[in-house]
Amino acid sequence: MFLPHWSTDRLRRKTARPRPDVPPAGLSAAPLVTAIPDHGRRVVAAVDAAAQALGIAPGITVTGAHAFAPGLEVVDADPEADLAGLRRIALWAGRRYSPIVAPDPPDGLWLDITGCAALFDTERALIKDLHRRLARSGLSVQIAVADTAGCAHAVARHVPAGRPVTIEHGKHRAALGLLPVRALRLEPMVVEALRKLGFERVEQLIAAPRAPLAKRFGRSLHRRLDQALGNVPEPIEPLFPEALPRSRRAFVEPILTAEAFGRVIGDLAEDLARQLVHLGKGARRLDCHFHRVDGQVQAVRVGTAAPTRDSRHLGALLCARLDTVDPGLGVEAMTLVAPLVEPLHARQGEGLESAMRRGPDLAALVDTLANRFGQGRLYRNGPRASAMPERSVAQLSPLEPAGRTAWNADLPRPSRMLSPPEAIQVTAMLPDHPPAMFVWRGRRFRIAHADGPERLHGEWWRERGAEAERPFAVRDYFQVEAASGGRYWIFRLGDGESPATGSMLWFLHGAFA
Amino acid sequence: MRHTAVIAELRARIAEVEGVGIRHIALPFGVAAVDRHLPGGGLIAGALHEIAGSPDLADDASATIFLAGILARLEGPVLWCLRWRDLFAPALHLAGLHPDRLIHVEAGSDANVLLAMEECLRHAGLAGVVGEVAKYSTTASKRLQLAAEGSGVPAFVFRRGARVDARTDGTAAVTRWRIAAAPSEALDVPGLGRPRWHVALERVRGGDPRSWIMEGCDAQGRIGVPAALVDRPVAAEDRQAAA
């Protein structure tokens, strides 16, 4: 993740906050740069988007910059505050997205999102959420996802896409090849020398024989290249927030098997549960870090629907996800952290009640299922105020308390709905009468009894969709019983008289009991 | 008369050996004609029950409400594991099963539905666990039956779109039901009367198959006996008991 204008964005945010009434347009009128003293001159350290558009680049003197833009606003750079702000963002991202997050000064952030997508459904959704939240808080941000940290770093800084970029698994070599040599995190002098030798893009560097180049530029050149290509591991040292409940075990011998991990997780969970009892809190999110022998850190993250400190339950949740861990050559230490905790107070006589009287432990069940099938697959239905039956049911989170909207208990509704409704052929009678017969999926249904119509008007106030284009559309619903006894819900688009209300076609929308 | 007494005693002893109906309570339908026919006087709580409709959507819809009616008369949360998202919650509410009591698990495949069901069945205190599958094996039914026995939670496997003539594998389920929509009684005015179902008990452990014509669930989830069939004094008493 790359924040191209981090210093100036941070200053903007800081100065903008006390005066929320000033429109943002007024603020961004003057280009903003920060300056640092360098050999008795003042040199531009960071620029914002407006200054960059005027041609001001970091490294030129402040006097020179004033020549580009007379109204230029210059502020003294504060690298320490920048770094502290970056750490704060890293901690926030660590709580919300991924257990392994590290600041990458001066203007970047590493996130290892391997295996973290479960809480957001997909990796894309996670990245979109991250991008949206940072952009909304006024930061310009460029996110890249790739197999290796080096590749993500290069793509984030050198592909000006304006939206998150994902390099597919295994494609990082091809992506890197097209980037300029300076994308490899080399020193400026090395880049300049390489350019003079004719190396413009990384693919030329990959193809070139290694020995002569290594002789001239030292080993750092190829170390950077190998890191980006994934030949050499580049571990991310995760940033731990202080004062979070955590426990750690280091091993004399590296361990490898799932049974051993399971036992250690059990111990760690008990440790953590004891700390949580002491704090009066329960864990909502749990990270288990596996420190591998080769320096890499693997992590497993699980979430809970309600705060809990039941060590058996927490251990079981983590053990269910052990198959995502690649132990490599062995794991020499494990850490269990609870990055998100919520108050959880003990109830009196908790251990005395029987399981039947206390009711089922729904939160534990929901956690187990959600961590196995995904959070979005578990839901409760709630009523939603909508005229259209297919939109009248909302999906709520499974443990959410009941809402205020009441279910409508008057109107007959089918127990099985077809989505979308299926077209039927009808031998229709008069406009206000149900049809005498219909054909659905090649079968002929003679209608014995019917009730209706129930007229539903489209939601003409909606801004998009079919109903916005046809504000007079109506549906006439009939409940019909076929001669065999089956009851169906069929409707006609339109009121049967005026063509403006619909196309007069018939559909089957569901079946009743 | 002596024969029936001997058979009843033997049945009681078999039930004792199998452990069914002793440890777990029975859930009566409130219709004497049906309850009398079920060993234990109703559906056994800690056991697996199979329910099927037919490939016709209306029959599956009827079976859904039959199931909702059973669950509506129990207390506690219900886990309903789905494969397809075609269940419409307002209809369950109309049958007395409040959607607030329901948690849906969209598991995606038959195997996952059965996996989720087994997980849910380990939690005592649930009113019931429902799983909608297209097909499932004898082994799966044995696993579910064991899990249900362990926790005392009734398990319902809803075989979606099950053909009437389909070959059925052996099952460990205690009862197997098939629900089909039946023509309802014509009213004097245009409109629809109370729905009727053809309720077939295809298999029951310790009993004989049987089928009935029933009236669909009311707002409390109770099924009823059609009025036309209530002509004898005994049946009239049943009806009063059911109401």
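In this predicted model, the contact between the two chains takes 44 residues from chain A and 47 residues from chain B. On the side of chain A that touches chain B, the elements giving two or more residues are α15 (355-358), α16, β12, β14 (416-427), β16 (443-457), β17 (474-482), β18 (487-493) and β19 (506-511) of chain A. Helix α16(A) provides the largest share of that side, with five residues. Sorted by class, the side of chain A that touches chain B holds 23 nonpolar, 13 polar and eight charged residues.

A good place to see the two chains together is a sheet that draws strands from both. Here 10 strands form an open sheet with mixed pairing, in the order β13(A)-β12(A)-β5(B)-β4(B)-β6(B)-β7(B)-β3(B)-β8(B)-β9(B)-β10(B). At its edges stand β13 (393-396) of chain A and β10 (210-215) of chain B, each of which pairs on one side only. On average, and with direction ignored, neighbouring strands of this sheet are turned by 25° against each other. As a reminder for readers new to sheets, strands pair through backbone hydrogen bonds, in either a parallel or an antiparallel way.

Where do the chains join within this sheet? The order places β12(A) beside β5(B), and two bridges link these strands, which run antiparallel. In this pairing, A:Leu378 stands opposite B:Val105 of β5(B). On the chain B side, strand β4 (residues 78-82) and strand β5 (residues 102-106) run parallel and are joined by five bridges. B:Cys81 has B:Val105 as its bridge partner in β5(B), while B:Val78 stands opposite B:Leu102 of β5(B). From β4(B) the chain crosses through helix α4 (residues 89-94) of chain B to β5(B), and this β-α-β crossover is right-handed.

Is β5(B) enclosed or open to the outside? Five of the five residues of β5(B) are buried, so the strand is largely enclosed by the rest of the structure. In a regular strand, side chains alternate between the two faces of the sheet. In β5(B), B:Leu102, B:His104 and B:Glu106 point one way, B:Ile103 and B:Val105 point the other way, and all are buried.

Helices from both chains accompany this sheet. Helix α16 (residues 362-373) of chain A packs on the sheet and touches β12 (378-383) of chain A together with β5 of chain B. The direction of α16(A) makes about 110° with that of β12(A). From chain B, helix α5 (residues 110-121) lies across β4, β5, β6 (128-133) and β7 (155-159) of that chain, running at about 175° to β6(B). Taken as a whole, chain B has seven helices and 10 strands, and 51% of its 243 residues count as buried. Of the contacts in chain B between residues at least 6 apart in sequence, 64% join residues at least 24 apart.

Chain A also contributes an open sheet of four strands, with antiparallel pairing and the order β8-β11-β9-β10. Its edges are β8 (246-255) and β10 (297-308) of chain A; each has a single partner strand, so one side of each is left without a neighbour in the sheet. Neighbouring strands of this sheet are turned by 15° against each other on average, direction ignored. Strand β9 (residues 281-292) of chain A pairs with β10(A) in the antiparallel sense over eight bridges, and A:Ala283 stands opposite A:Thr308 in β10(A).

Helix α13 (residues 258-279) of chain A lies across β8, β9 and β11 (331-343) of chain A, running at about 160° to β8(A). How does the length of α13(A) compare with what is expected? At 1.5 Å a residue, its 22 residues should span 32 Å, and the end C-alpha atoms of α13(A) are 31 Å apart, which agrees. An α-helix has 3.6 residues a turn, so residues three or four places apart point the same way. The buried residues in α13(A) are A:Phe261, A:Val264, A:Ile265, A:Leu268, A:Ala269, A:Leu272, A:Ala273 and A:Leu276. The buried residues of α13(A) pack against β8, β9, α14 (311-320) and β11 of chain A. Just after α13(A), A:Gly280 takes a positive phi of about 70°.

How values were computed:
Residues are numbered from 1 along each chain as its sequence is written. Chains are lettered from A and ligands numbered from 1 in the order in which they are written. This is a predicted model: local features need pLDDT of at least 70, side-chain atom pairs count only at pLDDT 80 or more; totals for chains, interfaces and linings use all residues. Two strands pair if DSSP finds at least two bridges between them. Axes are lines fitted to C-alpha atoms, for helices over the stretch in contact, and angles run from 0 to 180 degrees between N-to-C directions. Two residues are in contact if their C-beta atoms, placed from the backbone, lie within 7 Å. A residue is buried if 20 or more other C-beta atoms lie within 10 Å of its own, exposed if 12 or fewer, and partly exposed in between; C-beta atoms are placed from the backbone. A crossover is right-handed if, with the strands pointing away from the viewer, the path from the first strand over the helix to the second runs clockwise. Ala, Val, Leu, Ile, Met, Phe, Trp, Tyr, Cys and Pro count as nonpolar, Asp, Glu, Lys and Arg as charged, and the others, Gly among them, as polar. The expected span of a helix is 1.5 Å times one less than its number of residues.
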